[in-house]
Amino acid sequence: MKPISLIQFLIEERRAGRINAELSLLIEVVARACKRIAVATNKGALGGVLGNAGSDNVQGEAQKKLDVISNEILLEANAWGGHLAACASEEMEDPQPIPDMYPKGNHLLMFDPLDGSSNIDVNISVGTIFSVLRCPDGITEPKVEHFLQPGTTQLAAGYVVYGPATVLVLTFGHGTHEFTLDREVGSFLLSRRDVRVPEETGEFAINMSNQRHWEAPMQRYIGELLAGTDGPRGKDFNMRWVASMVADVHRIVTRGGVFFYPLDAKIKSKGGKLRLMYEANPMAFIIEQAGGAATTGRERILELQPTGLHQRVPVFLGSKKEVEIATHYHREADGAQS
Ligand code: AFP
């Protein structure tokens, strides 16, 4: 059977009344921009794109050249189509308005242009993450407060992983779907419809080097996994950590597993490591739509009321049973203390 292209998929979603023409165009534009980022990423040293840009982003982190290039590609691609009211990027302090010379649309786009960028120079998978919100009615000049909507209001979310293959994973709230870039044809083709994250798993992802800084319930939960067949869980668990959230989440979307970036003493004052609007919310939407779960260890991520554009939160996501056990341990410990 002839594979379904992303464009055909979007047309079918429109015909089914699940998305409108403007959202369809927005996804097409983001996918096209991500193809350009894939080309830049694939060039590696030959494209002169490796190394630091010599600047810091809003989070005070050193920007890689590809962070800057990817951000510019996404901003430029999304400026003129008439589908956006504004966008916001992990790399920029404030939302980016649509230039006055172009028409404006009804959507807000948020993105992490190149997640996992510390991996670029060592040729390990990186990715782009994005989230789409509706611009509140009557707002023509969106400000930060208009972006601060809970994840449950997302109209779409997706990521592109630039790995051995370039893969787009997308949800509009009706399942999670995977598209693979056919480099010869230049199109994303549907490779898996309605992907499912199994409820149970034997694989977890966490940066173990932070173990001594974790809260007690996290120590307890991971301690039980590490005890394997000798411990209360009665089975051995395997561990993976790419340090590129897109790659770690894509493994979970492909074969199950659970991902944690918990609170620890080093990052407590910041609220967590990962960004709610650019990482946690879109990934939580994608994972829930694939049958998984996503919490901060205490609350469902998608129900958090954001307080800042660059807010950070702890993230537990993936196979439902493991997220539930780890979350239960945290809630139980909170209850015991209060
Ligand atoms: P960078 O984009 O700065 O590499 O950060 C990546 C990231 O936000 C996320 O993709 C990883 O899961 C996490 O940070 C890795 O954090 P550690 O380096 O602390 O393991």
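Mentor: Let's start with some vocabulary: a residue is buried under 20% relative accessible area, exposed over 50%, and partly exposed in between, using a 1.4 Å probe and counting protein chains only. The model is predicted, so local features need pLDDT of at least 70 and side-chain atom pairs count only at pLDDT 80 or more, while totals for chains, interfaces and linings use all residues. Residues are numbered from 1 along each chain as its sequence is written, and side-chain values use heavy atoms, with hydrogens and water left out.

Trainee: Then let me try one: what makes Asn 123 count as exposed?

Mentor: Asn 123 has 72% relative accessibility. The cut-off for exposed is over 50%, so Asn 123 counts as exposed. You can find Asn 123 in the loop between S5 and strand S6 (126–134).

Trainee: How do you know what counts as a strand, or a helix?

Mentor: Both are DSSP runs numbered from the N terminus: helices (H or I) have at least four residues and strands (E) at least two.

Trainee: What is notable about the phi of Asn 123?

Mentor: The phi of Asn 123 is near 60°, a positive value in a residue other than glycine. Most residues other than glycine have a negative phi. Asp 194 is another case, with a positive phi of about 55°. Asp 194 sits in the loop between S10 and S11, and at 40% relative accessibility it counts as partly exposed.

Trainee: Back to strand S5: is Leu 109 buried or exposed, and how do you know?

Mentor: Leu 109 belongs to strand S5 (residues 107–115). Its relative accessibility is 0%, therefore Leu 109 counts as buried. Leu 84 is 25 residues away from Leu 109 in sequence, and their C-alpha atoms are 7.1 Å apart.

Trainee: And why is helix H7 described as largely enclosed?

Mentor: Helix H7 spans residues 276–289, and twelve of its 14 residues are buried, so the rest of the structure largely encloses it. Among the buried ones are Leu 276, Tyr 278, Glu 279, Met 283 and Phe 285. Just after H7, Gly 291 takes a positive phi of about 95°.

Trainee: Now to charges: why is the pair Lys 321 and Glu 200 called a salt bridge?

Mentor: The term needs a side-chain nitrogen of Lys or Arg within 4 Å of a carboxyl oxygen of Asp or Glu. The closest N and O atoms of Lys 321 and Glu 200 are 3.8 Å apart, and the pair forms a salt bridge. Lys 321 is in helix H8 (residues 320–337), while Glu 200 is in the loop between strand S10 (187–192) and strand S11 (203–205), so this pair, 121 residues apart, links distant parts of the chain.

Trainee: How many salt bridges does the whole structure have?

Mentor: A search finds 19. One of them joins Arg 298 to Glu 215, with the closest N and O atoms 3.0 Å apart. Those two residues are 83 apart in the chain, Arg 298 being in the loop between strand S15 (293–295) and strand S16 (312–313), and Glu 215 in the loop between S11 and helix H5 (216–227). Arg 298 has a relative accessible area of 23%, so it is partly exposed.

Trainee: Which residue pairs with Arg 220?

Mentor: Arg 220 forms a salt bridge with Glu 332, their closest N and O atoms being 3.0 Å apart. That pair links helix H5, home of Arg 220, to helix H8, where Glu 332 lies, 112 residues apart. Arg 220 is at 37% relative accessibility, so it counts as partly exposed, and Glu 332, at 41%, counts as partly exposed too. Elsewhere, shared salt-bridge partners join Glu 203, Asp 248, Arg 251 and Arg 255 into one network.

Trainee: What makes Arg 212, Lys 266, Lys 270 and Lys 273 a patch?

Mentor: Patch residues have over 30% relative accessible area and no salt bridge, with like charges joined within 9 Å and nonpolar side chains (Val, Leu, Ile, Met, Phe, Trp, Tyr) within 5 Å. Lys and Arg count as positive, so these four form a patch of positive charge on the surface. Take Lys 273 in the loop between strand S13 (258–261) and strand S14 (274–275): its relative accessibility is 32%, so it counts as partly exposed.

Note on methods
Accessible areas come from the Shrake-Rupley method with a 1.4 Å probe; for residues, only the protein chains shown count as cover. The place of a charge is taken as NZ of Lys, CZ of Arg, CG of Asp or CD of Glu.
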